[in-house]
Amino acid sequence: MTNTKMIKKSAFTVLGLGITLSGDYQQLPAQKKGFWEQVTTDGRLAALKQQAQNSLEFAVNEAIDGAMHFYAGVQTAAEVSVGPDQRAIHFPASEYLVVSGQAKSVPELFASLEGLAFGQALPSLTDKAYVGGPNATVITAKQADGVTGELWIPVVTK
């Protein structure tokens, strides 16, 4: 089950634990999967949840100075204390392309939504464009048989 829609969102902040990704795009899913599994099993993501404004978990992609970064995080207040190995990622008030879907696992959800968003949904938009900045996969529900989520991508009118 996958669908897309446009939604206006207020500015928000994600406090994230991150890594710098390396290699070509075919290697990135494995790096994201490994990092996500690490922070969800070693307790670091659970510790971040103490500062969260809601129960949502975020996986953020962001390019900084030509390097790709990936973060596991939570939504927090804009003025949040940032600890070691953490980053406050500020998302703009904007219209967002939202791609929704389900998968058997969190890493599969990331890959599926990113493929649909960047391979199909964004290229089909005639009056909107993604001009960079962070984008986030938001895990909205976990069930015994899988996970549900959305990919939020800020867009501008062409």
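Reader: Is Phe 12 buried or exposed, and how is that read?

Author: In this predicted model, relative accessibility is the value to look at, and a residue counts as buried when that value is under 20%. Phe 12 has 8% relative accessibility, so Phe 12 counts as buried; Phe 58, at 0%, also counts as buried.

Reader: How does one read the way the rings of Phe 12 and Phe 58 are paired?

Author: One takes the distance between the ring centres together with the angle between the planes, and an angle that is neither under 30 degrees nor over 60 counts as tilted. By this rule there are nine aromatic pairs. In the pair of Phe 12 and Phe 58 the centres are 6.2 Å apart and the planes stand at 40 degrees, which is tilted. Phe 12 belongs to strand β2 and Phe 58 to strand β3 (residues 57-64), so this pair ties together parts that lie 46 residues apart in sequence.

Reader: What kind of pair do Phe 58 and Trp 152 form?

Author: Their ring centres are 5.7 Å apart and their planes meet at 80 degrees, so the pair is edge-to-face. Trp 152 lies in strand β9 (residues 146-157), 94 residues from Phe 58. Ring pairs join Phe 12, Phe 58, Phe 91, Tyr 96 and Trp 152 into a cluster, and Lys 9 lies over the face of Trp 152, at 3.7 Å from the ring centre.

Reader: Which strands pair with β2?

Author: Strand β2 (residues 12-20) pairs with β5 (residues 86-91) in the antiparallel sense over six bridges, and Leu 17 stands opposite Gln 86 there. With β4 (residues 67-76), β2 pairs in the antiparallel sense over eight bridges, where Thr 13 has Thr 76 as its bridge partner.

Note on methods
Residues are numbered from 1 along each chain as its sequence is written. This is a predicted model: local features need pLDDT of at least 70, side-chain atom pairs count only at pLDDT 80 or more; totals for chains, interfaces and linings use all residues. Side-chain values use heavy atoms; hydrogens and water are left out. Two strands pair if DSSP finds at least two bridges between them. Helices (H or I, at least four residues) and strands (E, at least two) are DSSP runs, numbered from the N terminus. Rings of Phe, Tyr and Trp (its six-membered ring) pair if their centres lie within 6.5 Å; planes under 30 degrees apart count as stacked, over 60 as edge-to-face and the rest as tilted. Buried means under 20% relative accessible area, exposed over 50%, partly exposed in between (1.4 Å probe, protein chains only). A charge sits over a ring if NZ of Lys or CZ of Arg is within 6 Å of the ring centre and within 35 degrees of the ring normal.
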